[in-house]
Amino acid sequence: KGVIPYCATFLIFSDYMRPPVRLAAIMKLKNIFVYTHDSIGLGEDGTTHQPVEQLIGLRSVPNLTVIRPADANETVYAWRAALKNNDGPTAIVLSRQDLPILDQKKYTKASGAEKGAYILSDCKGIPQIILMGSGSEVHLLLEAQEKLSKEGIATRVVSFPSWELFDQQSAAYKEKVLPKNIRARVAVEAGSPIGWCKYVTDEGVTIGVEKFGESAPAEEIFNEYGFTVKNVIAKAKNVLKK
């Protein structure tokens, strides 16, 4: 009592940890699993070390809370959520590459991460489209929002570090973040797109990874796999055309 066990390794190696993670979830133990090097963004280590299906694999485990923060501030609140979680283990999933710190004066404060998803940056009036994502890809969404806004497209950005935490929120809060009548939505995450349909609906799209990674610098891989501001904007406009 009073001791919280934790461990850390690459996200790809969560495959080797399936039995203990599953047992911790079955017994609702207060373990914290820290997984780093969370995507194709780890670069030259190549295909064998680049997780694709691991994130959705962890999300599929009952009683396991998975949190993928977008920057250092969200990581603080990911830890807070893990420490407050008495109903099972928590997995905190972190990027390898350097990420900018989101400006707490320009954008909504990172404490919203404890609710699983929150409006990070909003537009004036009613949004025409909602961009959502987790981890390193949130920064792409903010750049895309800025450019879409200049074209007169009202865009909301939702940082979405944890499906499990968001699903625990009240119906009113979920409606505030993702209004049912705003069906134009784009999700962006450097992993399997499986599961995002629940939040983007069948009228939105998800930019994800549906094949194994390659060995190359992170920036080159992200460009090749469509994790660019240009592609996010193109997908958003296609959704709006529908």
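Cys 123 is buried in this predicted model, at 17% relative accessibility. Cys 7, by contrast, is partly exposed, with a relative accessible area of 29%. The count of disulfides comes to 0. From here, the tour goes on to a helix, a sheet and some charged pairs.

**Helix α1 and its two faces**

- Helix α1 covers residues 18-26, and Val 21, Ala 24 and Ala 25 are buried in it.
- These three sit on the same side of α1, because they cover an arc of only 100 degrees around the axis.
- As general background, an α-helix has 3.6 residues a turn, so residues three or four places apart point the same way.
- What do the buried residues of α1 pack against? Their partner is β2, the strand at residues 32-36.
- Turned away from the buried side is a face that carries the exposed residues Pro 19, Arg 22 and Ile 26.
- Just after the helix, look for Lys 28, which has a positive phi, near 55 degrees.

**The five-stranded sheet**

- An open sheet is built from 5 strands in the order β5-β7-β6-β8-β9, and its pairing is mixed.
- Which strands stand at the edges? They are β5 (118-121) and β9 (205-207); each has a single partner strand, so one side of each is left without a neighbour in the sheet.
- On average, neighbouring strands of this sheet are turned by 30 degrees against each other, direction ignored.
- The partner of β5 is β7 (residues 155-159), and the two pair in the antiparallel sense over 3 bridges.
- To find this pairing in the model, start at Tyr 118, whose bridge partner in β7 is Ser 159.

**Salt bridges**

- How many salt bridges does a search of the whole structure find? The total is 12, and a few of them are introduced below.
- By way of background, side chains of opposite charge can pair when their charged atoms come close.
- One of the salt bridges joins the side chains of Glu 114 and Lys 84, at 2.7 Å from N to O.
- Glu 114 belongs to the loop between β4 (90-93) and β5, while Lys 84 is in helix α3 (residues 72-84), so this pair ties together parts that are 30 residues apart in sequence.
- The two ends have contrasting surroundings: Glu 114 is buried, with a relative accessible area of 17%, whereas Lys 84 counts as exposed at 54%.
- The side chains of Arg 156 and Asp 122 also meet in a salt bridge, here at 3.0 Å from N to O.
- Because Arg 156 lies in strand β7 and Asp 122 in the loop between β5 and β6 (129-133), the pair ties together parts that are 34 residues apart in sequence.
- Is Arg 156 buried or exposed? At 8% relative accessibility, Arg 156 counts as buried, while Asp 122 is partly exposed at 37%.
- Glu 175 and Lys 180 form another side-chain salt bridge, with 3.4 Å between N and O.
- In that pair, Glu 175 is partly exposed, with a relative accessible area of 30%, and Lys 180 counts as exposed at 62%.
- Asp 38, Arg 68 and Glu 137 are joined into one network by salt bridges that share partners.

Notes. Residues are numbered from 1 along each chain as its sequence is written. This is a predicted model: local features need pLDDT of at least 70, side-chain atom pairs count only at pLDDT 80 or more; totals for chains, interfaces and linings use all residues. Side-chain values use heavy atoms; hydrogens and water are left out. Buried means under 20% relative accessible area, exposed over 50%, partly exposed in between (1.4 Å probe, protein chains only). Helices (H or I, at least four residues) and strands (E, at least two) are DSSP runs, numbered from the N terminus. The arc is that of the directions from the helix axis to the C-beta atoms. Contact means heavy atoms within 4.5 Å. Two strands pair if DSSP finds at least two bridges between them. Axes are lines fitted to C-alpha atoms, for helices over the stretch in contact, and angles run from 0 to 180 degrees between N-to-C directions. A salt bridge is a side-chain nitrogen of Lys or Arg within 4 Å of a carboxyl oxygen of Asp or Glu. A disulfide is a pair of cysteine sulfur atoms within 2.5 Å.
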